[in-house]
Amino acid sequence: MDSEVTLLAQSAGATLVTLMATDAWQRVRDGITQLWRRTQPERAETVAAELTVCREDVLAAAAADDQETLGELRLQWQGSVRRLLVARPAAVEELRALLDQLDPGGSAARQVTQRATASGQARVYQAGRDQHIAER
């Protein structure tokens with residue numbers, strides 16, 4: 001279940017941060033707050049406040065095209081969600097249902113952009129063979 005929880009938390013982090021910058025923001029805030037209220041009621045108000053602060057950060061980062069900050073915010077929520085699911089495994093299905101409701105096609109989680117940097121050396125993996133390639 002650990003890998004399942006990790007994948008679900010990754011999807012949740014990406015979905016939450018992506019949807020914070022959209023018209024779905026209020027539904028995201030309400031849904032996540034309710035999830036925490038049912039599973040860890042003592043943390044629900046703190047999580048609601050964190051969502052509000054995070055949204056401000058998301059909007060600023062999106063306006064500046066600051067992908068690094070957006071990535072950090074996704075990781076922040078991924079960690080929070082993962083810790084919740086580890087502490088309350090019964091919340092897995094509830095979170096899945098919430099994500100399906102907020103982002104029915106899963107498109108928000110797929111909008112994550114990855115960047116790569118060339119180091120001058122690389123490894124190519126092809127059909128189980130490992131080849132080292134050095135840039136000259």
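1. The side chains of arginine 37 and glutamate 45 come together in a salt bridge, with N and O 2.4 Å apart. The model in which this pair is seen is a predicted one. Arginine 37 is partly exposed, because its relative accessibility is 35%. Glutamate 45, by contrast, counts as exposed at 53% relative accessibility. The structure holds five salt bridges, and further examples follow below.

2. A salt bridge also links glutamate 94 to arginine 38, and the closest N and O atoms of this pair are 2.4 Å apart. Glutamate 94 belongs to helix H5 (residues 91–102) and arginine 38 to helix H2 (residues 25–39), so the pair ties together parts that lie 56 residues apart in sequence. Glutamate 94 is partly exposed, with a relative accessible area of 25%. Arginine 38 is exposed, with a relative accessible area of 52%.

3. Within helix H5, arginine 96 and glutamate 93 are three residues apart, about one turn of the helix. Their side chains meet in a salt bridge with an N to O distance of 2.6 Å. Arginine 96 has a relative accessible area of 25% and is therefore partly exposed, whereas glutamate 93, at 52%, is exposed. Through salt bridges that share partners, Glu4, Glu93 and Arg96 are joined into one network.

4. Threonine 39 is placed in helix H2. This residue counts as buried, because its relative accessibility is 11%, under the cut-off of 20%. The side chain of threonine 39 reaches the backbone oxygen of leucine 35 at 2.8 Å. Leaving aside residues up to four places away in sequence, threonine 39 touches Leu84, Arg88, Ala91 and Glu94. One of these, Glu94, is also the salt-bridge partner of arginine 38.

5. The count of aromatic pairs comes to one. It is formed by tryptophan 36 and tryptophan 77, whose ring centres are 6.5 Å apart and whose planes stand at 80°, so the pair is edge-to-face. The cut-off behind that label is an angle over 60 degrees. Tryptophan 36 lies in helix H2 and tryptophan 77 in helix H4 (residues 67–87), so the pair ties together parts 41 residues apart in sequence. Tryptophan 36 is buried, with 1% relative accessibility, and tryptophan 77 is buried as well, with a relative accessible area of 0%.

6. Helix H2 thus recurs in these points: arginine 38 of this helix pairs with glutamate 94 of helix H5, and tryptophan 36 of this helix pairs with tryptophan 77 of helix H4.

7. Aspartate 65 deserves a separate remark. The residue lies in the loop between H3 and H4. Its phi is near 55°, a positive value in a residue other than glycine. Aspartate 65 is exposed, because its relative accessible area is 51%, over the cut-off of 50%.

8. As to the overall arrangement, the protein has six helices and two strands. Read along the sequence, these elements follow the pattern α-α-α-α-α-α-β-β. Of the contacts with a separation of 6 or more, 66% are accounted for by residues 24 or more positions apart. Buried residues make up 35% of the 136 residues in the protein. The accessible surface comes to about 8400 Å², and 49% of this area belongs to carbon and sulfur atoms.

9. Confidence varies along the chain. The mean pLDDT of the protein is 84, and 77% of the residues reach 70 or more. Among the elements, helix H3 (residues 44–63) has the highest mean pLDDT, 97, and strand E2 (residues 129–134) has the lowest, 46. Over residues 112–118 the pLDDT is below 50, and this stretch has five contacts in the model beyond near neighbours in sequence. Residues 124–136 also have pLDDT below 50; beyond near neighbours in sequence, that stretch has 15 contacts in the model. Predicted coordinates should not be read in detail where pLDDT is low.

Note on methods: Residues numbered from 1 in each chain as written. Heavy atoms only, no water. pLDDT = per-residue confidence, 0-100. Helix = DSSP H or I, 4+ residues; strand = E, 2+ residues; numbered from the N terminus. Contact = heavy atoms within 4.5 Å. Salt bridge = Lys/Arg side-chain N within 4 Å of Asp/Glu carboxyl O. Buried < 20%, exposed > 50% of the residue type's maximum accessible area, 1.4 Å probe, protein only. Phe/Tyr/Trp six-rings, centres within 6.5 Å; stacked < 30°, edge-to-face > 60°. Areas by Shrake-Rupley, 256 points an atom, 1.4 Å probe, with all protein chains shown as cover. Polar contact = N/O pair within 3.5 Å; in protein donor to acceptor, adjacent residues only side chain to side chain.
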